[in-house]
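Biologist: I'm new to this one, so could you walk me slowly through a single part of it? I'd like to hear about the packing inside, and how the charged pairs fit around it.

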Amino acid sequence: MTEINASPNMNSSGYEMPPEMRQNIAITTLDKIWNMGRRYSVWPMMFGLACCAIEMICTAASRYDLARFGMEVMRPSPRQSDLMIVSGTVTKKMIPQIVRLYNQMPEPKYVLAMGACASGGGPFKEGYNVVSGVDKYIPVDVYVPGCPPTPQALLHGLMKLQEKIDSESITSVRWYQKEAIEAIPVPILGPDIIDPRDFPTIKSLTQGKPAAAEPAAETA
């Protein structure tokens with residue numbers, strides 16, 4: 001292993017540059033340039049579910065100012081958004097619409113679960129009409145705890161999302177692979193919520209269960 005002698009004309013990548021060019025040329029990787037542009041141009045989807053949405057609105061107002069992070073452009077259409085902030089209680093009636101909106105978002109896309117309800121059900125966990133965490137149906141990248149979390153907590157979660165974006169590489173992210181990305185099946189709302197991905201398990205349980213015995217006919 002050879003040792004590179006440090007010199008004032010050599011940058012961190014090991015390439016030597018003339019002194020007059022050091023203020024005009026920067027050598028970096030394509031991943032860093034790509035991620036730097038993406039982290040400062042995240043467009044959240046403009047929708048809210050419950051009380052956490054009020055805190056999200058406060059975060060976008062002048063006091064906290066999401067424009068500092070390049071995230072102030074909240075889009076009303078999922079096809080123009082790359083960040084879903086699930087802000088509030090996720091009910092079984094709402095989860096099919098959330099999954100449908102997530103499928104309509106283009107890649108790359110991210111999900112931030114804001115608050116205890118979106119993360120795990122909150123005080124309504126195991127309730128008859130509440131989903132115990134949105135991550136049971138769509139993948140979540142960042143969890144922000146709180147009931148409801150403060151605007152500062154949401155800003156911290158967004159900065160954590162930026163750190164995740166910085167760590168990604170074009171060669172390994174899922175949206176640049178040859179394999180097609182399958183859409184998440186939309187849950188079916190009936191007497192209860194049913195995830196189509198559970199159909200094989202439901203089928204095996206129902207087929208393996210012995211049929212109920214018919215009552216014997218009465219004889220005169």
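Modeller: The protein chain has six helices and five strands, and along the sequence they come in the order α-α-β-α-β-α-β-α-β-β-α. Keep in mind that this is a predicted model. Of the 220 residues in the chain, 35% are buried. Among the contacts with a separation of 6 or more, 72% join residues that sit 24 or more positions apart. As for the outside, the chain exposes about 13900 Å², and carbon and sulfur atoms supply 58% of that.

Now to the inside. In soluble globular proteins, nonpolar side chains tend to be buried together. Here the largest nonpolar core has 23 residues, and Leu83, Leu112, Met114 and Leu158 are the ones with the most contacts inside it. At least two residues each come from α2 (52–60), β1 (83–87), β2 (110–114), β3 and α5. Helix α5 gives the largest share, five residues. There's also another core lying apart from this one; it has 20 residues, among them Met84, Val111, Ile184 and Ile193.

Leucine 83 is a good spot to stand and look around. Setting aside neighbours within four places in sequence, leucine 83 is in contact with a whole crowd, including Val42, Trp43, Pro44 and Met45. Its list of contacts also includes Met105, Tyr110, Val111 and Leu112, along with Leu158 and Leu161.

Next, have a look at α2. Its buried residues are Cys52, Ala53, Met56 and Thr59. If you look down the axis of α2, those buried residues fall within an arc of 110 degrees, so they line one face of the helix. What covers them includes β1, β2, α4 and α5. Turn to the face pointing away from the buried side and you find Ile54 and Ile57, which are exposed. So what's the general idea behind a one-sided pattern? An α-helix has 3.6 residues a turn, so residues three or four places apart point the same way.

On to the charged pairs. Side chains of opposite charge can pair when their charged atoms come close. This structure holds seven salt bridges, and I'll take you through some of them.

Start with glutamate 168 and arginine 38, whose side chains meet in a salt bridge at 2.7 Å, N to O. This pair links distant parts of the chain: arginine 38 belongs to helix α1 (residues 30–39), while glutamate 168 is in the loop between α5 (151–166) and β4 (188–189), 130 residues apart. Both partners are buried. Asparagine 35 is also in helix α1, and it is buried too, with a relative accessible area of 2%. Leaving out neighbours within four places in sequence, asparagine 35 is in contact with Ile165, Asp166 and Glu168. Glutamate 168, then, turns up both as the salt-bridge partner of arginine 38 and as a contact of asparagine 35.

Another salt bridge brings together the side chains of lysine 164 and aspartate 141, at 2.5 Å from N to O. Lysine 164 lies in helix α5 and aspartate 141 in the loop between α4 (115–120) and β3 (142–144), so this pair ties together parts that are 23 residues apart in sequence. Are these two buried or exposed? Lysine 164 counts as partly exposed, at 30% relative accessibility, and aspartate 141 counts as partly exposed as well, at 26%.

Then there's a pair inside helix α5. The side chains of glutamate 163 and lysine 160 meet in a salt bridge at 3.5 Å, N to O. They are three residues apart in α5, so about one helical turn separates them. Glutamate 163 is partly exposed at 45% relative accessibility, and lysine 160 is partly exposed with a relative accessible area of 36%.

So α5 is worth a second glance: this helix supplies five residues to the largest core, and it also holds the pair of glutamate 163 and lysine 160.

One last stop, on the surface. Ile188, Ile194, Phe199 and Ile202 form a nonpolar patch there, and together they have about 320 Å² of accessible area. Phenylalanine 199 is found in helix α6 (residues 199–208), and at 40% relative accessibility it counts as partly exposed.

Conventions. Residues are numbered from 1 along each chain as its sequence is written. This is a predicted model: local features need pLDDT of at least 70, side-chain atom pairs count only at pLDDT 80 or more; totals for chains, interfaces and linings use all residues. Side-chain values use heavy atoms; hydrogens and water are left out. A salt bridge is a side-chain nitrogen of Lys or Arg within 4 Å of a carboxyl oxygen of Asp or Glu. Helices (H or I, at least four residues) and strands (E, at least two) are DSSP runs, numbered from the N terminus. Buried means under 20% relative accessible area, exposed over 50%, partly exposed in between (1.4 Å probe, protein chains only). Contact means heavy atoms within 4.5 Å. Accessible areas come from the Shrake-Rupley method with a 1.4 Å probe; for residues, only the protein chains shown count as cover. A nonpolar core is a set of buried Ala, Val, Leu, Ile, Met, Phe, Trp, Tyr and Cys residues joined through side-chain atoms within 4.5 Å. The arc is that of the directions from the helix axis to the C-beta atoms. Patches are made of residues with over 30% relative accessible area and no salt bridge: like charges are joined within 9 Å, nonpolar side chains (Val, Leu, Ile, Met, Phe, Trp, Tyr) within 5 Å.
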